[in-house]
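Thank you all for coming; I would like to walk you slowly through one structure this morning. Please have a look at it first, and then we will go through it piece by piece.

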Amino acid sequence: QAQLVESGGGLVQPGGSLRLSCVASGSIFSIHVMGWFRQAPGKQRELVASIISGGRINYADSVKGRFTISRDNAKNTVYLQMNSLKPEDTAVYYCNAFIQTGITARMTMYWGQGTQVTVSS
């Protein structure tokens, strides 16, 4: 089994910045994709950004130019640097990863518990 633990959420004023971190731990053989989703009240969970093991990155159009995803493979950690935050970025942010827990194991999707990001003056 593997676990994902997020940190770094909080309250920030519009135009401010936050950095989210997500550490994968437990039985890990390899991690294919790591990414961030978010869910605002009354809305569906949506992809914010993802990064695959080869380095290819994908962003939602709404965050392009403002958010940056990065990954430290040695630490099994993915980061989301969020700049120029807007009130509409307010949501619970969830870390997501596809992890292989053993050499013969299947790739399995894991979710973190979520961290609240609130953008308000």
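**The disulfide and its surroundings**

Let me begin with the bond between cysteine 22 and cysteine 95, where the torsion about the S-S bond is about -80 degrees, so the disulfide is left-handed. This cysteine 22 lies in strand 3, which covers residues 18-26, and cysteine 95 lies in strand 9, so the pair ties together parts that are 73 residues apart in sequence. By strands I mean DSSP runs of E with at least two residues, numbered from the N terminus.

I should say early on that this is a predicted model, in which local features need pLDDT of at least 70 and side-chain atom pairs count only at pLDDT 80 or more, while totals for chains, interfaces and linings use all residues. Residues are numbered from 1 along each chain as its sequence is written, and side-chain values use heavy atoms, with hydrogens and water left out.

Coming back to the cysteines, the two sulfur atoms are 2.0 Å apart, where a disulfide is taken as a pair of cysteine sulfur atoms within 2.5 Å, and a search of the whole structure finds 1 disulfide. Cysteine 22 and cysteine 95 are both buried, that is, under 20% relative accessible area with a 1.4 Å probe and protein chains only.

Now to the sheet that contains strand 3. Here 4 strands form an open sheet in the order 1-3-8-7, with antiparallel pairing, and two strands are said to pair if DSSP finds at least two bridges between them. At the edges are strand 1 and strand 7 (67-72), each of which pairs on one side only. Strand 3 pairs over 6 bridges with strand 1, residues 2-7, and also over 6 bridges with strand 8, residues 77-82. To pick out individual partners, valine 5 stands opposite valine 23, glutamine 3 has serine 25 as its bridge partner, and arginine 19 is matched with glutamine 81 in strand 8.

Finally, let us return to strand 9, which spans residues 91-100 and includes glutamine 100. Is glutamine 100 buried or exposed? Glutamine 100 is buried, because its relative accessible area is 14%. Its side chain reaches the backbone oxygen of alanine 105 at 3.1 Å, and a polar atom of that side chain lies 3.3 Å from the backbone oxygen of isoleucine 103.

Methods
Buried < 20%, exposed > 50% of the residue type's maximum accessible area, 1.4 Å probe, protein only. Polar contact = N/O pair within 3.5 Å; in protein donor to acceptor, adjacent residues only side chain to side chain.
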